[in-house]
Amino acid sequence: MDAFEAAGVALVALSYDEPDALADFAAANGITYPMLADPDSEVIAAFGILNTLIPEDDHPWYGIPFPGTYVTDADGTITAKFFENSLAVRASGAQLVRAATGEIVELEPARGDDAMVTAVAAFDPSPLAAGVQRDLLVDLAVPAGQHVYGLPVPDGMVHAHVVLDDGPWKVHAVDAPATQRHVLAGTGDELQIYPGSVRLYVAVSHNASERGDITIAGEIRWQACDDDQCFLPQRQRFELPVHATGANWMQPEHRHEGENFVAHFRKMEARRG
Amino acid sequence: MIEPELDTFNVALENGLNLDSDGHAGPYANGVGPRRNPRGDFPSGPDIGTRLPDIHATDSTGAPFDVHEYRNGRPLAMVFFRSAVW
């Protein structure tokens, strides 16, 4: 919440709960941003995101949305959406603030090299709850006169991307800058290129099957070319530590404590019955 | 309109928990109760580039609340979450 305030970004949450349930939840968890009640799922349905896989008579589950977040600019235009298939996965505050402000985090270059592309990856090692996404940052420093590739890429060439080793983690989305169209003089083939240095945001979550200090391992892959030649595809491994914890809703400090929540649940079971 | 398809992939563990295809554990089997997640594409509402529709609801005190009015010229993160009760 502090990060949202500091960035000047408004934060509002909405669910199908009753106002008194939201008030108890906000009090129990120290939430100060507005929580809106949509107990008849009218707003959820109007947005077209009602979870229609839940039968109408299955209480209290019926009425929830496919959960997700919209980010708007200062004019109220949607500039980004964060929706995931799994209820267990959600965007992090840091991702939302970045989407709203375009804030750039500077990484230290891995090594100086003015002739070849260099790559560096970074990941915030602080505790990360299961299902919460965090961006793995990758910078490719591209020397003047060279470029690397985005998608789509022709067979046999390698676009700039990240591949994680098998592990208790998953890549959800990659946020990369827009590419530029590049036409090869000889063949007229069209390629999509990054003409300069490029930052990739790779959204990663873990599933808590391994907890404590874990190491997310993988590699950055790319291929660089200049106007005369293409260099061999490159791979650079990374091993990035992070402290993996269970899901937020399983943590003691996030429990719905007190008898009120039992009462809220019973009321939800009955309210549409 | 996208017709979402139910994801029923599930691995039941001996401890009573159930794993989904991403390895997330939960008390409900995937595809049952609240754990009815879509597989593949599903509706995610208004498109990027369009204005966020007006949202009129009540806040946790029961008072009327207008999201765009509250935003008051600021960028916004509008979260639709499952429940504060479960």
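Student: In which sense do strand 2 of chain A and strand 6 of chain B pair?

Tutor: Happy to start there, keeping in mind that this is a predicted model. Strand 2 of chain A covers residues 35-37, and two bridges join this strand to strand 6 of chain B. Within strand 6 of chain B, Asp59(B) stands opposite Leu36(A). The sense of the pairing is antiparallel.

Student: Which element gives the most to the side of chain B that touches chain A?

Tutor: Let's look at the contacts to begin with: 54 residues of chain B are in contact with 72 residues of chain A. Across this interface, 30 residue pairs are in polar contact, both residues at pLDDT 80 or more. Elements giving two or more residues to chain B's side include strand 6 (56-59), helix 1 (67-71) and strand 8 (76-80). With five residues, the one that gives the most is strand 8 of chain B.

Student: Which three residues supply 15% of the area that chain B buries against chain A?

Tutor: Good one! The two chains bury about 5700 Å² between them, and carbon and sulfur atoms give 63% of that area. No other three residues supply more of chain B's part than Phe80(B), Arg82(B) and Val85(B).

Student: And which residue of chain B meets Asp58(A) in a salt bridge?

Tutor: The count of salt bridges between chain B and chain A is two. In the one with Asp58(A), the side chains meet at 2.7 Å, N to O, which is within the 4 Å cut-off. The partner in chain B is Arg36(B).

How values were computed: Residues numbered from 1 in each chain as written. Chains lettered and ligands numbered in written order. Predicted model: local features only at pLDDT ≥ 70, side-chain atom pairs only at ≥ 80, totals over all residues. Heavy atoms only, no water. Contact = heavy atoms within 4.5 Å. Buried area = accessible area lost by both parts, 1.4 Å probe. Polar contact = N/O pair within 3.5 Å; in protein donor to acceptor, adjacent residues only side chain to side chain. Helix = DSSP H or I, 4+ residues; strand = E, 2+ residues; numbered from the N terminus. Pairing = 2+ DSSP bridges.
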